[in-house]
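Grab a pencil and have a look at the chain below. Try each exercise yourself before you read its solution.

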Amino acid sequence: MARQNAHVKSVLRISRLADALEGQFGRPRPPRKKSRPLDSLIATLLSQNTNDRNSYRAWLRLKRQFPSWAKVHKAPWQAVAKAIEVGGLKNQKARRIKLILRKVLKQRGSFSLDFLKQMSNEEALEYLLAMKGVGSKTAACVLVFSLGRDVFPVDTHIHRICNRLALAKTKSADETYEAMKPLLPLGSAYSFHVNLIHFGRQTCRSNNPLCGQCVLFDECSFPKKHLYLVSKPDTVRRRTVADFLITEKIANDGSTRRG
Ligand code: SF4
């Protein structure tokens, strides 16, 4: 019974936190158009260890140079690496993209992951997680941005904030993903995910968080929060068009590819 009460309290608390962030950033709407699952997967892979601006530039260059996944599959990995170099870790990412394409083609006979739409969340996650270089964040992003599922990807921002807010006590983003999974109120994952990323970029930054302007200050357990009470005015702002997520961007701008 005590465990059940603690669980309900956590769910209600997350609902309160999500409301507070929506008060600051608004309620983000899922992209009107969904990107194709293979596009989401590769775009999210490109975003690993870099920012969304650079990974989007890498995405556009890849698309311009190789207008179909078949062309990427046929190209030498070095040529793929050259096309995506602006996104960092070009060799590792190019090899992984090629491996993913080879595996999908071998297993499914085409460059498409659209069959994931017919799978449950657990089945789709299991399939994606079996690919080299695909972790829980990348797999969950595909489910959210291409399949419209109510799952909660955890990146480094979200991992840090969940620990500062004592929603989780974990050492890695993967552990935070597992800890948060049962706690998200139904239908809240998309908004909470997107707003926490913006909150992490603007306010609850890794270094020098703007605790003095934080809407979650009273909810926060970060021991040093009182040291960061003074911060420059105007630093906290609403979300602008420059604050995009690559997965949202490729869905909204139609820059997804065929075949
Ligand atoms: S008080 Fe500071 S550390 Fe805590 S959530 Fe807000 S910005 Fe982050």
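Four short exercises with worked solutions follow.

This is a predicted model, in which local features need pLDDT of at least 70, side-chain atom pairs count only at pLDDT 80 or more, and totals for chains, interfaces and linings use all residues. Residues are numbered from 1 along each chain as its sequence is written.

**Exercise 1.** Work out whether the length of α1 agrees with its number of residues.

Solution. Start with the rule: the expected span of a helix is 1.5 Å times one less than its number of residues. Helices here are DSSP runs (H or I, at least four residues), numbered from the N terminus. For the 24 residues of α1 that gives 34 Å, and the end C-alpha atoms are 35 Å apart, so the two agree. Just after the helix comes Gly26, with a positive phi near 90 degrees.

**Exercise 2.** Is Leu21 buried or exposed, and what does it touch?

Solution. First, place it: Leu21 sits in helix α1 (residues 2-25). Next, count neighbours: a residue is buried if 20 or more other C-beta atoms, placed from the backbone, lie within 10 Å of its own, exposed if 12 or fewer, and partly exposed in between. Leu21 has 22 inside 10 Å, so it counts as buried. Now look for contacts (C-beta atoms, placed from the backbone, within 7 Å). Setting aside neighbours within four places in sequence, Leu21 contacts Asn195, Leu196 and Phe199. Finally, zoom out: Ile14, Leu17, Ala18, Leu21 and Phe25 are the buried residues in α1, and the buried residues of this helix pack against α11.

**Exercise 3.** Find where the largest nonpolar core lies relative to the two domains.

Solution. A nonpolar core is a set of buried Ala, Val, Leu, Ile, Met, Phe, Trp, Tyr and Cys residues joined through C-beta atoms within 7 Å. The largest one has 62 residues, and Leu41, Trp59, Ala140 and Leu143 touch the most other members. Domain 1 (17-30 + 152-228) and domain 2 (37-149 + 246-252) both contribute residues, so the core lies between them. Those bounds come from an automatic or database domain assignment.

**Exercise 4.** Which residues come nearest to the ligand, and how does its shell divide by class?

Solution. A residue is near a molecule if its C-beta atom, placed from the backbone, lies within 6 Å of it. Of the 14 residues around the ligand, Cys204, Cys211, Cys214, Cys220 and Phe222 come nearest. Then sort by class: Ala, Val, Leu, Ile, Met, Phe, Trp, Tyr, Cys and Pro are nonpolar, Asp, Glu, Lys and Arg charged, and the others, Gly among them, polar. The shell comes out as eleven nonpolar, one polar and two charged.

Methods. Helix = DSSP H or I, 4+ residues; strand = E, 2+ residues; numbered from the N terminus. Contact = placed C-beta atoms within 7 Å.
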